[in-house]
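Student: Please take me through one part of this structure in detail, the second largest pocket, and explain the terms as you go.

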Amino acid sequence: MTTFPLLKLPALAINEVARQIEPSDIIQLTMISARFKRYLTQNKLFLDTLAWEMPASIIAISVEQNCPDSRPRKVNNSIMQISVNRKRNEPLTRWHLKHDACHWDLLENLTIHLLSILNVKHFDFTSGFLISSYNALFVWKYAEKFKTIAVIPWLKNPAFLSQENMLHFLEVVKTDELQFNAKCEHFLYAGSVKCSKLNLGELSWVTNEFLKNMECKKVLLRGDSGAHLNYNELFRHWIDGEGNEMLEEFDVSFGEKTQCDPKNAADLKRRQARIERVVGDIRRKTDGRLATITVYPPPHASIQMIVWHSKHMEEWDKETKENFNNLIKN
């Protein structure tokens with residue numbers, strides 16, 4: 001067998017070779033060779049996204065008791081078996097860590113090992129099934145901020161969480177995007193959530209104060225709103241210049257409830273607004289900022305509010321700009 005002195009190559013060449021190696025092979029090489037692990041600890045590989053997923057997809061680094069295509073290795077004093085499964089030609093820019101539900105300690109040890117050899121730009125967390133104590137998971141210790149956190153995002157029925165776990169996602173963890181499909185008995189929330197995108201699949205705990213206080217650019221609400229929510233109040237607060245200054249898009253889907261007269265607008269299409277039904281424009285009293293309210297008819301009824309910030313108005317068609325200037329003059 002011919003051997004190749006990999007570690008005698010220049011650092012740039014070693015990094016390029018390492019990028020072509022399967023994730024499981026990189027992990028196992030760092031288990032076998034102390035020199036290789038020491039090199040990667042000092043010259044970490046760049047990874048765009050490390051995702052904890054339950055279950056995983058695309059690239060799945062599985063931590064299991066019995067992986068038929070791998071040998072047991074020792075990582076941070078834990079014996080584990082590693083296997084990798086990824087779609088053909090999938091770029092190795094995103095690694096997904098998959099766990100055996102009974103072996104969180106193995107997944108944490110693998111996480112520690114990976115973070116010692118990887119320079120990770122983004123972190124994601126997805127839970128496809130209910131976990132009893134989300135706030136006690138180890139993942140929060142290793143990432144200060146997440147790109148996406150998703151809790152039961154695909155299921156029709158929401159997860160029942162304790163108030164402590166609800167507040168953990170709403171107040172403790174930091175993320176750019178929160179996809180949250182959970183509820184809690186006797187729980188209404190009037191606090192604030194700070195994230196770029198907010199996607200809620202369960203609204204039983206959502207209040208008008210919460211909608212007013214949230215600091216999000218894009219908001220998607222799905223499901224039964226309940227008697228405690230009044231979207232007219234949200235629009236009144238916005239017109240009065242109160243509440244969320246960041247808001248760019250507000251979208252609520254609530255069943256067969258709303259109808260309105262049609263109107264077309266090319267600029268709304270550019271913002272990917274659903275324009276089958278349009279109510280019209282509203283303006284804030286404080287600074288004159290404009291928003292367009294669109295209504296989508298049953299059977300998939302929804303209301304969408306598109307807010308026009310200066311960056312969006314720069315892309316307006318000439319006719320739209322002229323109409324807006326005339327509106328200001330009047």
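Tutor: The pocket comes after a note on the model, and a strand pair follows. This is a predicted model, in which local features need pLDDT of at least 70 and side-chain atom pairs count only at pLDDT 80 or more, while totals for chains, interfaces and linings use all residues. Residues are numbered from 1 along each chain as its sequence is written, and side-chain values use heavy atoms, with hydrogens and water left out. The mean pLDDT (the predictor's confidence in each residue, from 0 to 100) is 77, and 72% of residues reach 70 or more.

A pocket is an open set of points on a 1 Å grid over the protein atoms alone where a 1.4 Å probe fits, with protein on both sides within 12 Å along at least five of seven lines; lining residues have an atom within 4 Å of a point. The second largest pocket holds about 210 Å³ of space, where a volume is the space filled by probe spheres set on the points, joined across faces, edges and corners. Its lining has 15 residues, and Val 173, Lys 174, Thr 175, Lys 194 and Cys 195 are the closest to its centre. Two or more lining residues come from each of helix H5 (163-172) and strand E9 (175-180); helices (H or I, at least four residues) and strands (E, at least two) are DSSP runs, numbered from the N terminus. H5 gives the largest share, four residues.

Elsewhere, strand E15 (residues 290-296) runs antiparallel to strand E16 (residues 302-308), joined by seven bridges. Ile 293 has Met 305 in E16 as its bridge partner.

Notes. Pairing = 2+ DSSP bridges.
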